[in-house]
Amino acid sequence: MAREKILIIDFGSQYNQLIARSVRELNVFCEIVPPDISIRSIDRLETRGIILSGGPASVYQKGAPSCNPALFSLGIPILGICYGMQLMAKTLGGQVEHSPSREYGRAILTVTNHRLLFKDIPKNSTSWMSHGDKVKRMPKNFARIGMSRNTSIAAFANFDKRLYGVQFHPEVAHTEYGKQVLKNFIKDICGARADWSMKSFVKETIAQIRKTSGREKVILGLSGGVDSSVAAVLINRAIGHRLACVFVDNGLLRKDEAKLVREVFQKHLKMNLRVVDASNEFLGALKGVVDPEKKRKIIGKTFIRVFDREAKRIGGVKFLAQGTLYPDLIESRSTFGGPSATIKTHHNVGGLPKKMNLKLIEPLKYLFKDEVRKVGKELRMPQEILGRHPFPGPGLAVRILGDVTKQRCDILREVDDRFISTLKKEGLYDKIWQAFAVLLPIKSVGVMGDERTYESVVAIRAVTSVDGMTADWAKIPYDVLGKISNRIINEVKGVNRVAYDISSKPPSTIEWE
Ligand code: XMP
């Protein structure tokens, strides 16, 4: 049976990932695709429906994104949201006007026709609007199905052709009946079976990995983080020891990291794991380097060198597996108006496939982070791995301000360990999105017993967040902060002061470098 899906055509709205999330919550798989997707590549058996997203442009504006008009005669149901609705109107012969009063925020949607799209939705309800333009004249054979105070045509439909448009955003939580609108579209109008689940994902993906890899060897850089760990276990289920996992100890890891990874993947899951101790190579290359971006570049390059060497040792490897997630994929090809500025060059192994001439296997590339955790649960992976906070590729190097030496790494490892273990003991670890310690390049005066000390200062950082794009500092209770500080200063030699970072992102970033 073909895997049914909904296509979301991306016109650059900041809410696109929310649309995707909402569709998947209805147990239907969906993909976000660029506006220039070719009609031929749309599988009519698989594609149950199409959603045209919102976007920041104006349909008559020069260079505004548009779509192939043939899309509207495929016979596939389409829902246009905001810009998507205006584009549908314009393409099919209606008229869009620039509205003098921009409608932004909550508005009352008045349903004028409750058939199909607005089934089970009260006459008046709150909806979320964010638009300057609006539909002035509908295309032929369209009927108005909703209005608001500012917009006489807030929703329209061509029931025969199954084409719908809404001016509001059903995907945002502020739209009271938004989920119901999407459900009506996907289940009733598109007739989706809605049988997509993590269980079916695991089954399909295992079959796919077997098919793609044939009898060849696959290599994967295992970091111990959630994404690469779940990818590794999934691929291991598919092809067993034909998958070689390489764990590179770069000397910049958390305390006992290599031990934990060995324990879980080698001992417990009996996977084919190679642990490479390359700490001297990394620390040697980082000697004397204090610039954060330089540190990242050096670590990236060194990683590629070490990994490549290990792949050659294994020999005959044809595929490289990576734990790439959907947001990485969407962001890297963002089409219109998406965030593009590189604030920090994030270290990933993007340079690897080119250099090593390997084909890619990315089994998680259509999943969001919480879906990856669900896959991990489905695969019965330990919570110790699945519930971990994110850890950056360059590791402690970007948490040690100034020179990165083994001695400073050792100090930070101990500090981090006291911090994290106290959070766990106090039941706070799972409530916090990310927590870590930072070693500062300054010393402060202290007093221990009768002795004057002159030792390092550390900062501790804990944030709450949804996706790491924005974050707030976590309100850890004072008594817990007190315990953390006491443990660090009493138990870690070389530290005599602890500061708590109370900045949010933006304007600060989560990491200090
Ligand atoms: P920032 O500091 O940019 O961090 O607010 C957002 C999230 O990204 C992680 N981070 C990185 N991850 N390589 C990574 O793999 C990097 O160079 C890097 N820099 C930041 C950070 O830990 C946080 O979760």
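**Exercise 1. Which residues touch the most other members of the largest nonpolar core?**

Before we start, note that this is a predicted model, where local features need pLDDT of at least 70 and side-chain atom pairs count only at pLDDT 80 or more, while totals for chains, interfaces and linings use all residues. Residues are numbered from 1 along each chain as its sequence is written, and side-chain values use heavy atoms, with hydrogens and water left out.

*Solution.*
- Step 1: Fix the term: a nonpolar core is a set of buried Ala, Val, Leu, Ile, Met, Phe, Trp, Tyr and Cys residues joined through side-chain atoms within 4.5 Å. Buried means under 20% relative accessible area, exposed over 50%, and partly exposed in between (1.4 Å probe, protein chains only).
- Step 2: The largest core has 48 residues, and Ile 219, Leu 252, Leu 423 and Ile 476 touch the most other members.
- Step 3: Among the elements that each supply at least two residues of this core are E11, E13, H13, E16 and H14. Helices (H or I, at least four residues) and strands (E, at least two) are DSSP runs, numbered from the N terminus.
- Step 4: H13 gives the largest share, 7 residues.

**Exercise 2. Describe how helix H14 sits in the structure, starting from its span.**

*Solution.*
- Step 1: H14 covers residues 478–491, and its 14 residues at 1.5 Å each should span 20 Å (1.5 Å times one less than the number of residues). The end C-alpha atoms are 20 Å apart, so expectation and model agree.
- Step 2: Val 480, Leu 481, Ile 484, Ser 485 and Ile 488 are buried in H14.
- Step 3: Viewed down the axis, these buried residues fall within an arc of 135 degrees (taken from the directions from the helix axis to the C-beta atoms), so they line one face.
- Step 4: Tyr 478 and Asn 490 are exposed on the face turned away from the buried side. Asn 486, also in H14, counts as partly exposed because its relative accessibility is 47%.
- Step 5: The buried residues pack against helix H13 (406–425), strand E16 (451–465) and strand E18 (495–500), where contact means heavy atoms within 4.5 Å.

**Exercise 3. Work out the strand order of the open sheet of 5 strands.**

*Solution.*
- Step 1: The order is E12-E11-E10-E13-E14, with parallel pairing; two strands pair if DSSP finds at least two bridges between them.
- Step 2: E12 (273–277) and E14 (359–361) each have a single partner strand, so one side of each lacks a neighbour in the sheet.
- Step 3: E10 (residues 217–221) and E11 (residues 243–249) pair over 4 bridges, and Gly 221 stands opposite Val 246 in E11.
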